[in-house]
Amino acid sequence: MIKEVLTILKNKLNDSVNGLKDGQETGEIAIVDNIAKHDDDTSGLDNKVVITLLSVEEESTMKNTSRYNKVVVDKVPLRYDLEGAPAYLNLYVMIAANRSTYDKSLSNISKVIEIFQTNNVLEYNDFKFRIELHSIPFEQLSYVWGLLGGKVMPSALYKISVIKIAAEKDPVKVELIDEVNIKSIKVD
């Protein structure tokens, strides 16, 4: 699911009409890859806008949802199915412009911000997720770039929330209690 969400971001940035392309470029400008490999000559990150996953966080407010799904037929509850609890996640993503010129990097980051301000709710298989610009203090940004190799380039950090990840397995059927049989107990 994480790969699919990042691919949706990439496709949005590579859109031929409203994306990063200026009419003179061919191929994909935005790619999903690890920006820490930007100094490696074989990485293919030269002259690209790189989408990198920085961190994954569980959304604690969604943790208390019911694991039981009510099965109703003709307005009569038949049973409850016990389902595995899904994980609701927030993704922290860096979009960095590793373009051939600094001017082009700055214009690409400006365009990235414009695209995601206009399209801040995206969809994957009938599941919607929100993308919002995430600001961090300069010291933390410096620390992040230090972990990624030290070469600072124009970039924007985004928080993508909420991504639902659930195991694909058959639910366990839990039958409703429709009869109670009580026997008297004699206490001496």
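1. Two strands count as paired when DSSP finds at least two bridges between them. With that in mind, this predicted model can be read first at strands β6 and β7, which run antiparallel and are joined by four bridges. One of the residues in β6 (residues 121-124) is V121, whose bridge partner in β7 is R130.

2. The hairpin of β6 and β7 has two residues between the strands, and within this hairpin N125 takes a positive phi near 50°.

3. Helix α1 has twelve residues, and from its first C-alpha to its last it reaches 17 Å, which is close to the 16 Å expected at 1.5 Å a residue. The buried residues of α1 are V5, L6, I8, L9, K10 and L13. As a general point, an α-helix has 3.6 residues a turn, so residues three or four places apart point the same way.

4. The largest nonpolar core has 24 residues, of which L13, I95 and F116 touch the most other members. At least two residues of this core come from each of α1 (2-13), β2 (48-58), β5 (87-98), α2 (102-118), β7 (127-133) and β8 (155-165), and α1 gives the most, with five residues.

5. Which residues does L13 touch, leaving aside those up to four places away in sequence? Its contacts are G19, L20, A30, I51, I95, V112, I115 and F116.

6. Apart from the largest core lies another one, made of eleven residues that include M94, V144, L148 and L157. In soluble globular proteins, nonpolar side chains tend to be buried together.

Key:
Residues are numbered from 1 along each chain as its sequence is written. This is a predicted model: local features need pLDDT of at least 70, side-chain atom pairs count only at pLDDT 80 or more; totals for chains, interfaces and linings use all residues. Side-chain values use heavy atoms; hydrogens and water are left out. A nonpolar core is a set of buried Ala, Val, Leu, Ile, Met, Phe, Trp, Tyr and Cys residues joined through side-chain atoms within 4.5 Å. Buried means under 20% relative accessible area, exposed over 50%, partly exposed in between (1.4 Å probe, protein chains only). Contact means heavy atoms within 4.5 Å. The expected span of a helix is 1.5 Å times one less than its number of residues.
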